[in-house]
Amino acid sequence: MCGVIGIIGPSVPEENPSWASFEAHRGLLTLQHRGQDAAGILSYNPAYQKFHQEKDLGLIANVFNQKNLEKLKGNMAIGHTRYATAGGDGKEDLQPLVTGFPFGVGMVHNGNVVNYHSVTRDLQDKHRLKMLTNNDLELFLHLWCQKLGENNNEQSFKFDPEKGALACEEIFNTLEGGYAVTGIMADEGLFGIRDPHGIRPLVLGKKKVNSEDESYSWCLCSESISLNFLGYEFVRDVEPGEFIFIKENGQIFSKVIESTKAKVKAPCMFEWIYFSGAESQFENVNVYNARLNLGKVLAKKARHLIQQGEISPEVVCPVPDTSRTASISLAENLGLPYREALIKNRYIQRSFILNTQEKR
């Protein structure tokens, strides 16, 4: 579980050349609940044909400040807040990851590749690649660059979205697991990839930046809560097995890879139960309403057990914080008092996603 965001707009205004990074930073703050281990932002400035990056261990508020955000210039930016499920605590495993060869590309992702070790060995044996991190995102970066670089050389390389779709298909056919990827192609645009089962969420939003020429900035992110906070209009969920590419002028290329269509759509239930913010919407289902309905379903099961004499509850108590909504619904439907028996310190971050029992 991590949080990702990608921003692209039509230009780099002189009065605010780092606007995309500031936008990504504000969006990341709404995704802090998805990861507390580290945070990072990568931007691209077409005027200087240069990537700018800032990432470090710790909370978003500790990693970024006004000074280092101002250095992240450009009209494209991607951001990440990390909950480590693969790799270690070292800075070498932090996202975003970026490469300049055979062309400039940076990526962030939310997910977990279950065949990481076998694919890593295959890349090392067949192509003599050397892994620089223990982060499974590096596999996406290698497969993407390798496929796009086929039948091209440095002088003749020209990116087009159809080639991106082929690279995306290579990723789908090689990597197993749930993931949502957001990336920057230097001088080209912003892209998003969602796994063929749709396990991890990725949503698309837009915001008008110039009423005269109808130009928009676009956002790809893990949760609709970020779109709401940043003033973006929710457009849609990125489909399972979809590759979406957005150019600076707002032109969108979208393709659901044909070879993935037969696979079962299986969004992660934990997104509604625990991962996502209550204000978010996932697969057209509001998270708060889903939790209310879960309480109603549990009430039916509990009522049956009460009637059978197997349980005799006196109160309903949530384990804070995400179960509170379902607990209230459960109490209402059973006609039982609701009580806060377990009190969480509201001035600390999420404890479940800390990576050792000592820290928890």
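These are legends for close-up views of a predicted model.

**View 1. An aromatic pair joins helix 5 to strand 7.** Start with Phe140 and Tyr179, part of a model whose aromatic pairs come to 14. The ring centres of Phe140 and Tyr179 are 4.8 Å apart and the planes make an angle of 75°, so this one goes down as edge-to-face, given that anything over 60 degrees gets that label. Along the chain the two partners are 39 residues apart, with Phe140 sitting in helix 5 (residues 137-149) and Tyr179 in strand 7 (residues 177-185). Both Phe140 and Tyr179 are buried.

**View 2. Phe159 and Phe245 make a tilted pair.** Here the ring centres lie 5.0 Å apart with 50° between the planes, so the pair is tilted. Phe159 comes from the loop between helix 5 and helix 6 (161-174) and Phe245 from strand 12 (residues 242-247), so the pair ties together parts of the chain that are 86 residues apart in sequence. Phe159 and Phe245 are both buried. Zoom out a little and the two turn out to belong to one aromatic cluster, along with Trp144, Phe191, Phe243 and Phe253.

**View 3. A lysine sits over a tyrosine ring.** The charged end of Lys206 is 4.8 Å from the centre of the Tyr216 ring. In strand 10 (residues 215-221) we also find Ser215, which is buried because its relative accessible area is just 14%, under the 20% cut-off. Beyond its sequence neighbours within four places, Ser215 is in contact with Pro10, Lys207, Lys208, Val209 and Asn210.

**View 4. Helix 9 packs against helix 10.** For a pair like this, the angle and the distance between the axes are the numbers to quote. Helix 9 (residues 287-307) and helix 10 (residues 324-334) meet at about 45°, and their axes are 7 Å apart. That angle makes helix 9 oblique to helix 10, and the crossing is right-handed. On the helix 9 side the contact residues include Tyr288, Leu292, Gly295, Ala299 and Ile306, while those from helix 10 include Thr325, Ala326, Leu330 and Leu334. In the loop between these two helices is Asp321, joined to Pro320 by a cis peptide bond with omega of about 5°.

**View 5. Glu239 in a loop, with its contacts.** Glu239 belongs to the loop between strand 11 (233-237) and strand 12. With 36% relative accessibility, Glu239 counts as partly exposed. Setting aside residues up to four places away in sequence, Glu239 touches Arg194, Val256 and Lys265. Glu239 is also 8.9 Å from Ile193, C-alpha to C-alpha, although the two are 46 residues apart in sequence.

**View 6. Backbone oddities at Pro96, Gln49 and Asn284.** Most residues other than glycine have a negative phi, and most peptide bonds are trans. Gln95 and Pro96, however, are joined by a cis peptide bond, with omega of about 5°; Pro96 is in the loop between strand 4 (76-82) and strand 5 (97-99). Gln49 has a positive phi, near 50°. Its place is the loop between strand 2 (38-45) and strand 3 (50-57), and at 59% relative accessible area Gln49 is exposed. Asn284 has a positive phi too, about 65°. Asn284 lies in the loop between strand 14 (281-282) and strand 15 (285-286), and at 61% relative accessibility Asn284 counts as exposed.

Notes
Residues numbered from 1 in each chain as written. Predicted model: local features only at pLDDT ≥ 70, side-chain atom pairs only at ≥ 80, totals over all residues. Heavy atoms only, no water. Phe/Tyr/Trp six-rings, centres within 6.5 Å; stacked < 30°, edge-to-face > 60°. Helix = DSSP H or I, 4+ residues; strand = E, 2+ residues; numbered from the N terminus. Buried < 20%, exposed > 50% of the residue type's maximum accessible area, 1.4 Å probe, protein only. Lys NZ or Arg CZ within 6 Å of the ring centre and 35° of its normal. Axes fitted to C-alpha atoms, helices over the stretch in contact; angles between N-to-C directions. Parallel < 35°, antiparallel > 145°, perpendicular 65-115°, else oblique. Left-handed = near helix turned anticlockwise from the far one by under 90°. Contact = heavy atoms within 4.5 Å.
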